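Thanks for sharing this one with me. Here are a few notes on how two of the chains meet, and on the cysteines.

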Amino acid sequence: MSDSQGPLWEVFVQKKAGQPFVHCGNLHAFDKEMALQNARDLYTRRGEGMSLWVVPSSAIVASSPEDMGSFFEPSNDKIFRHPTFYQIPDGVGHM
Amino acid sequence: MEINFEELFESKLAKNDFIEPKDWMPENYRKHLIRQISQHAHSEIVGMLPEGNWITRAPSLRSKLVLLAKVQDEGGHGLYLYTAAESLGISRDEMLDALLTGKAKYSSIFNYPTLSWADVGAVGWLVDGAAIMNQVMLQRSSYGPYSRAMVRICKEESFHQRQGYEIMTHLAFGTAAQKDMAQDALNRWWYPTLMMFGPPDVESPNSENALKWRIKRETNDQLRQRFVNQTVVQAEYLGLTIPDEKLKWNESKKGYDYSDPDWIEFKSVIKGNGICNKERLMARNKAHKEGEWVRAAAAAYGKKQQESQVAA
Amino acid sequence: MNLNDALFKYSIRLGDTSLILAQRLSEWTGHGPFLEEDLALTNITLDIFGRAKSLLEYAAKIEDKGRTEDDLAFLRTDREYFNALITEQPNGDYAKTIMRQAFIDCFDLLFYTALAKSKDETLAGIATKSIKEITYHKRHSFSWVMRFGNGTEESHTRLQQGFDEVWAFTEELFEMNEVDEVLLKEGIAVDLSALKPLWLKEITELLDKANVQIPEGVYMQKGSRKGIHSEHLGYILAEMQSLPRMHPNAKW
């Protein structure tokens, strides 16, 4: 949503190298550089991160609640995708 | 199969699940949340002013740094809350417009003046102390973005009350003039702070729905009582007197009996008759107006940047 | 002037310059042009106050007369303050604040980068920490100069006006006196004359990209090295020092 405060952005912070970038909030900014600087000043004031992504909120494509059943339920019965589905004989060690 | 959205919504509430922005929600729930969250955001933003009043006069370099960081945090909290409200489909512009034209409410406590350095201490100790009780409860509110904002805010707020109490400690154990300053601040801030929890339960028009929807989880009176109970011992440590002759431990309710604040004054300040109501709004309007060309310039520059990228 | 005197005066000069600049910037907190920017500028203000505190702590230690950094900040008169004149100039509109900040950030980055090599370990340590902070400050102020210079007609006009009001105070940043001479010999101070061409080059490039005109023959103001200020400092100190002066025996 764009208004006189500038477009809305999504902010993702990586806490430590190797960890995933986690969504931590939003902000308004008028350009990319400002969005990045504002994210730094807003969301890493207490040493919360070491790397940042900012993405215009308008670029986010989201699933909707109506999709919940068709998107996510079919995966619930694919128990063979989980390691606990399989029995491993004793004595063969960790697998 | 038709999904019954209302049932889904109710069942989520019943299971203590969170409601997310795209989920179906009753219109009243949405409206109530927009009102509550934006008021909360406005309170943070207007709340920068009374304490900000002392930034240039903070009496030591350390206290200056701390106060500045604290006032900045409040701005940040306002921002988290504005974006949480935006997820419900209202724009920052609309919310700011409501604040600047005086249509929206914010916490009345900020319409009281900060007259001495001790007031900065009292605001941190009492006002933030009261705010934290509310905020801790709101971390478990049913609306996801609100709850997440509150988790973040609570984490950051934890130093605010302490810095206020630290100021009070220095004053209460300092010179006679400093101790007087501290007592005077407590005298002036005690009842306005009790008002922060809102009108008594019997008169609170919005509480019932708010509790049902888990936007609130405890009543005004419950929170107020808890605040009094925890504050008495803190005042005693400082050697300061809470300005309430009726204040007395009540064994049967395991809490203190206390005098009600002046609810007529409460309503009057909400209506705009506090000594600072006009100044606070004027200050916000001034900053907004003087920032207009800055935002316009940034918008124009941002647009040019985007166009040159597309062209390149 | 002995070495200790010079080191005290040098630390005071740097400390005062940071303190008065931060004091000015802190007037924006809660009143910024929009919320995000209010928070961003306050972060910068916090860095600069922090640096002021470290430098005045060091000055107090060198002086060794039982004064603390707070005594130095809150109980000296304007004639005992040695902050650069540019820092005490009123904030004006946001363009003027940003212009002043860009001049100072550019200077500070060059200055503290050089000071990080000082033979005085404390100053070198403070400088090393400051370099990271100032690198960010400069990125912030420079990007705003670009936005104002190339944003709207109004922002461009305001930036030029801000420039006109502040430019005359820039030369003083490079002024050296006996303090610098004594410390230069010891490898402690920074040779300011060497920084000037570097500063001028960067600033000229920036202003060129922001379409700001640098007029010829502007009379450059001086005075702070001798503790002679503009009228503004008196008011800044009156406000900042009021409480400690009202309660001389109090601790805060």
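1. A salt bridge is taken here as a side-chain nitrogen of Lys or Arg within 4 Å of a carboxyl oxygen of Asp or Glu. With that in hand, and bearing in mind that this is a predicted model, one salt bridge is counted between chain C and chain B. It pairs B:R92 with C:E36, whose closest N and O atoms are 2.7 Å apart. Polar contacts between chain C and chain B come to 13 residue pairs, both residues at pLDDT 80 or more.

2. Which element gives the most residues to the side of chain C that touches chain B? That is helix 2 of chain C, with twelve residues. Elements giving two or more residues include helix 1 (3–26), helix 2 (35–63) and helix 6 (121–150) of chain C. Sorted by class, this side of chain C has 20 nonpolar, 17 polar and twelve charged residues.

3. Now for the extent of the interface. In terms of contact, 49 residues of chain C meet 44 residues of chain B. About 3800 Å² is buried between chain C and chain B, and carbon and sulfur atoms give 72% of that area.

4. Finally, the cysteines: why is A:C24 not bonded to B:C154? The closest cysteine sulfur to that of A:C24 is the one in B:C154, and it lies 17 Å away, so a bond is ruled out by distance. B:C154 is likewise in no disulfide, and the count over all chains is zero. As for its surroundings, B:C154 is buried, at a relative accessible area of 13%.

Definitions and conventions: Residues are numbered from 1 along each chain as its sequence is written. Chains are lettered from A and ligands numbered from 1 in the order in which they are written. This is a predicted model: local features need pLDDT of at least 70, side-chain atom pairs count only at pLDDT 80 or more; totals for chains, interfaces and linings use all residues. Side-chain values use heavy atoms; hydrogens and water are left out. A disulfide is a pair of cysteine sulfur atoms within 2.5 Å. Buried means under 20% relative accessible area, exposed over 50%, partly exposed in between (1.4 Å probe, protein chains only). Contact means heavy atoms within 4.5 Å. Buried area is the accessible area (1.4 Å probe) that two parts lose on being put together, summed over both. A polar contact is a pair of N or O atoms within 3.5 Å; within protein, one must be able to donate a hydrogen and the other to accept it, and residues adjacent in sequence count only if both atoms are side-chain atoms. Helices (H or I, at least four residues) and strands (E, at least two) are DSSP runs, numbered from the N terminus. Ala, Val, Leu, Ile, Met, Phe, Trp, Tyr, Cys and Pro count as nonpolar, Asp, Glu, Lys and Arg as charged, and the others, Gly among them, as polar.
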